[in-house]
Amino acid sequence: MLSAMCCIILSVLLVPVTYANSATATLSSSVTTLKVGESMTVQVSLQDVADVYGIQFELAFDSNMLKLISKKVSAGYSDFRDKDTSDSDAPMPTLYPMTRVNMGDKGFKRHLHLAEFTLEAQEEGSTTIGLSQLKAVSTETFVNDSGRNDLRVIPMESGAPIQITLVSNGNPSGGSGNPVGEQGSSALKPESSSLEALKEILNQLDALKAAKQLTSWIEALETQLTSSQMEEIKQMVTHSMNRFLDIPVHTTVKNQQTLLTIDTDTLKSSIQSVLLLQSAASKKDLHIEVQTFIQMTLKDSDQHPFLLTAEALQVLADAKLDVKLKSSGAVLLFPLKTLHKDKSSDILTTIIRKDAEDKTQNSATYRPAVVYELKVERIGTDGKEVISTFEEKVVLTIAYETKGLNKEKLGMYYLNEEKGEWEFLRDGRHDSLQNTFTMDVLHFSQYAVIEFSKDYADLSDTYAEAAHAIDVLSARHVVQGMGDIHYVPSKSMTRAEFTTMLAKVFRWKEAAHTNVFTDVPKGGWYTGYVEAALKAGVVQGDGEKFAPDEQITREQMLTMLMRAYAKVEALPEASSETFADDLQISDWAKSSIYQAKTLGFISGVGNNLVAPVQDTTRADMAVLMFNLLKRLEP
């Protein structure tokens, strides 16, 4: 049947081209079965997002089966229409340009309600309500390629559409009235049309009830379905299994302290439901990959610690499941081995978001975007014991708000409590689209995302490209000055300096002294990095000496750089466009130089010259390393 599609479009005036944070847009409804003539409400919300200033989506439905009769925008947003015409005989307007009322409300939202729509059933049948053409922008601005200010786009994903069954005044299934998934329900016959019944099961809010019905549905599944239908079922069942391992959190009071915790019986039931589903699915050749952890969302972690009882930990140990805690901005994934030591101890986890002021030290400014204080305690018969180190790494993810900060200069840090100083964590993995940093940690402390700025007094005459590269690489702790306030950009680079810089860009761990090079001393400031480069096969020396204090030529530098690059990426074809001084390039360096040119690492020193035997200055080296960094971290 051909059907007209009604679209409700909420739009903003600007359509930027770069990205801020990300979000998932979801639909929820008051019912999944509706009698003709009756109405239902549909809510549009965003999950896990910050700073949504403008929003656009398309609400699509069959206008022959459903009629839009009213809408209500969230109090936090407004549209540009002068009046609401929902009470008139005219069709509902199709455009809803919405913007946030409070410009300063940029905080992270676990659940952000946008609008509510009322629709009325027009005729019998099955239909869907879905979202498409999602667009959103934050208040963060940037200068686009045309030199104009734009707002940054927030990447959006759409949740599953709502499945709605529209019926007459009779029973929805035409039978005894048994609910979907109960014994005797015709909806259990998994023919192609009963995929709608499966979707209705999955839309239930009661996870445990849905799990029981889903198990019955799978057990009745006929294997004559097409491969595409089986794949669709597999995807939906996998999503549901993971949902069943999202355990609800509630508050409790223990020793006059309010805590967040989970119900052990609910945990057992959830795990048992997943095991039954897996068993039923495997018998139908539905091989489901289920997540290996339970997940808890802590909405009030700043106020209350989270308690995992010894009984719950033993349940998880028996099921071989790890633990994932999600707060409003920090996510912790614990291998269970780090928490479960004996059968009598509880675990108390504290996740507190803290305020932190800017700090200036040695002409450098530390500007925190977000700070979290993390602590894990074991509670046994002898009292509390802080777990200072973990046997296995805990995966820590921190979300931040940009607040006008320079993303290129952000890094992950932890507070060295003995020194009272922030220390840079080179292994922090930055997802600039999601606005997160992730790192594997072996201990807890205060962890932060910080913008680092270093002011040098001798860069005023340095060309702009080099000055910018030095600024960013200083923030990444790849380069440092010659003293507190001088960078000395025109100084020639030594082999030890270059190797140290290269090791930091590629995140090589400092290696132990081997005495392969007789002129690389034990305990030297560069020794660990030279040994790491030797271990990686990037440096060779002359067989006995590395010559750390010798100035490095441009062709030596590029040869070492391309050796290192080849360890992580396939090398491209060498550029066929030769430099004017090609005859001066050593044979052993030519392929590296022209591959570096292909990748855009170098363009020459002017007049189509590469100056292969010329020494490299600290300014030029910073530009090269910055170009390499952009290639490694697109």
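This passage describes the nonpolar cores, one helix pair and three loop residues of a predicted model.

We may start with the interior. In soluble globular proteins, nonpolar side chains tend to be buried together. Here, the largest nonpolar core holds 70 residues, and the members that touch the most others are Phe-334, Phe-444 and Tyr-447. Of these residues, Tyr-447 offers a helpful view of how the core is put together. Beyond its neighbours within four places in sequence, Tyr-447 is in contact with Val-370, Val-371, Tyr-372 and Leu-374, with Leu-396 and Ile-398, with Met-412, Tyr-413 and Tyr-414, and with Leu-425 and Val-441. A second core, separate from that one, has 56 residues, among them Val-479, Trp-508, Phe-517 and Val-530.

Val-530 also leads to the helix pair, as this residue of α8 takes part in the contact with α7. Two packed helices are described by the angle between their axes and the distance between the axes. For helix α7 (residues 495-505) and helix α8 (residues 527-535), the axes come within 9 Å and the crossing angle is roughly 70 degrees. Because angles of 65 to 115 degrees count as roughly perpendicular, α7 and α8 are described as roughly perpendicular to each other. Their crossing is left-handed. On the α7 side, the contact is made by Thr-499, Thr-500, Ala-503 and Lys-504, while α8 contributes Tyr-529, Val-530 and Ala-533. Sorted by class, the residues of this contact are four nonpolar, two polar and one charged.

The loops hold some details worth a closer look. Ser-345 is found in the loop that links β19 (330-334) to β20 (346-354). With a relative accessible area of 8%, Ser-345 falls under the 20% cut-off and is therefore buried. Apart from neighbours within four places in sequence, the contacts of Ser-345 are Ala-310, Leu-313, Arg-378, Ile-379 and Gly-380.

Two further loop residues are notable for their backbone. Asp-51, in the loop between β4 (39-50) and β5 (54-62), has a phi near 55 degrees, a positive value in a residue other than glycine. Asp-51 is also buried, its relative accessible area being 11%. His-477 sits in the loop between α6 (464-475) and α7, and it too is not a glycine, yet its phi is positive, at about 60 degrees. The loop of His-477 thus brings the description back to α7, the helix whose axis crosses that of α8 at roughly 70 degrees.

Definitions and conventions: Residues numbered from 1 in each chain as written. Predicted model: local features only at pLDDT ≥ 70, side-chain atom pairs only at ≥ 80, totals over all residues. Heavy atoms only, no water. Core = buried A, V, L, I, M, F, W, Y, C linked by side-chain atoms within 4.5 Å. Buried < 20%, exposed > 50% of the residue type's maximum accessible area, 1.4 Å probe, protein only. Contact = heavy atoms within 4.5 Å. Axes fitted to C-alpha atoms, helices over the stretch in contact; angles between N-to-C directions. Helix = DSSP H or I, 4+ residues; strand = E, 2+ residues; numbered from the N terminus. Parallel < 35°, antiparallel > 145°, perpendicular 65-115°, else oblique. Left-handed = near helix turned anticlockwise from the far one by under 90°. Nonpolar A, V, L, I, M, F, W, Y, C, P; charged D, E, K, R; others polar.
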